[in-house]
Amino acid sequence: MRGRVYTIVPAAGSAVRMGLGYSKAYLDVSGVPLLARTLRSLLKSRHIDSVTVAVRPDEVDLCMREVVRKYSLQDDVSVIGGGEERRHTVWELLMKIPADRDIVLIHDGGRPFVSERLIGDVLAAAAEWGAALAAMPATDTVKISDDGGETAAGTIGREKVFLAQTPQAFHRDLILAAHKRAIKGSISATDDSSLIEETGHETRLVEGDPGNIKITTLNDLDLARWIIQKGGPDNG
C-alpha cells in the first residue's frame, strides 16, 4: 500500500478537558512532545511515507519549531492550520490530498503508541471494504441514562458495544463525500467513521490495541509516562 496512503493527523483541539490554554500536542511525555511521539510512531510503519498534520492556526510555527524540525521530521511531515471544529480541520487536511493517493488514514494526534500491526490491519480492511476503524470490545456493563447520569434507564449488552480508536481509514472518494456532506449540512461527529455511517455505508471493525491509549486527561498522561518508564513503546 506504500505510495497509495495519505496519512493525516488532526491536532488542532484546545484540550479543554485537561484545563490547558494551549494544545495538548506539546505536552511533555517523558521528554518528548506528545505530537512528536505520535508522528514518529506513524512514520515507523512501512505503509506510511509522509504525514500531514493540522494544528491551531496560531501554532503552525510553534509546531514546525518544537516538533517537526526539533525531531528531524521535516522531510516527512507537513503542517497546516486547522479549523474551528474537528470536521473543519479534517476537511482542510482532505483538501491537501495528492492525486496519487486513494486511501486516507486518519489518526488522533493524542494517540502516541499506535502499532505497525494496527496500521496495517486497518489499511487492509479499508482497501477491501472502503471504510475501517480500530475498536476495542467493551469489557464493562454499559448503562444508559436519560437524565445526565443521575439514574440508569437501561442496559446495553456489552457484546454489541465497541470503543472506537484511531487509526481509521477510508477510500478517498468515500471520506471526501462524507465530509462534504457534513460541512454542507452542519453535521458534527466525534470521529470520521460516524460521518461515513451517516451516508449509509458500513465501517469495518478491526481489533484495536489496549496499548493504543488516547491522552485526554492528566491521568492518561501519567499512564503514558509510566508505559515509557517501564520500557514500553518508543521508550524515550
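The exercises below, each with a worked solution, concern a predicted model of a single protein chain.

**Exercise 1.** Work out how many helices and strands the chain has, and how its radius of gyration relates to the globule rule.

*Solution.* Begin with the secondary structure, which comes to seven helices and 11 strands. Next take the radius of gyration, 18 Å, and set it beside the 18 Å that the globule rule gives for 236 residues; the two are close, so the chain is as compact as a globular protein of that length. Finally, turn to the outer dimensions: along the principal axes, the C-alpha atoms fill a box of roughly 50 × 40 × 35 Å.

**Exercise 2.** Describe the burial, the contacts and the charges of the chain.

*Solution.* First, 47% of the 236 residues count as buried, and the accessible surface comes to about 11,700 Å², with 48% of that area belonging to carbon and sulfur atoms. Then consider the contacts with a separation of 6 or more, of which 75% are accounted for by residues 24 or more positions apart. As a last step, the chain carries 29 positive and 33 negative charges, and the mean positions of these two sets are 3 Å apart.

**Exercise 3.** Find out where confidence is lowest and where it is highest among the elements of the chain.

*Solution.* Start from the chain as a whole, which averages a pLDDT of 91, with 94% of the residues scoring at least 70. Strand β8 (residues 142-144) then proves to be the place of lowest confidence, at a mean of 88, whereas strand β6 (residues 103-106) has the highest, at 98.

**Exercise 4.** Place Ser145 in the chain and decide whether Ser145 is buried, partly exposed or exposed.

*Solution.* Ser145 is found in the loop between β8 and β9 (154-156). Its relative accessibility is 32%, and because this value falls between the cut-offs of 20% and 50%, Ser145 counts as partly exposed. Beyond its neighbours within four places in sequence, Ser145 is in contact with Glu150, Thr151 and Ala153.

**Exercise 5.** Compare the backbone and the exposure of Ser30 and Ser186, and then locate the cis peptide bond at Pro167.

*Solution.* Ser30, although not a glycine, has a positive phi of about 55°, and Ser186, also not a glycine, has a positive phi of about 55°. Ser30 sits in the loop between β2 (28-29) and β3 (32-33), while Ser186 lies in the loop between α5 (172-185) and α6 (192-198). At 31% relative accessibility Ser30 counts as partly exposed, but Ser186, with 52%, is exposed. The cis peptide bond joins Thr166 and Pro167, with omega about 15°, and Pro167 is found in strand β10 (residues 162-171).

Methods: Residues numbered from 1 in each chain as written. Predicted model: local features only at pLDDT ≥ 70, side-chain atom pairs only at ≥ 80, totals over all residues. Heavy atoms only, no water. Helix = DSSP H or I, 4+ residues; strand = E, 2+ residues; numbered from the N terminus. Rg over C-alpha atoms; globule rule 2.2 N^0.38 Å. Buried < 20%, exposed > 50% of the residue type's maximum accessible area, 1.4 Å probe, protein only. Contact = heavy atoms within 4.5 Å. Areas by Shrake-Rupley, 256 points an atom, 1.4 Å probe, with all protein chains shown as cover. Lys, Arg positive; Asp, Glu negative; His and termini not counted. Charge placed at Lys NZ, Arg CZ, Asp CG, Glu CD. pLDDT = per-residue confidence, 0-100.
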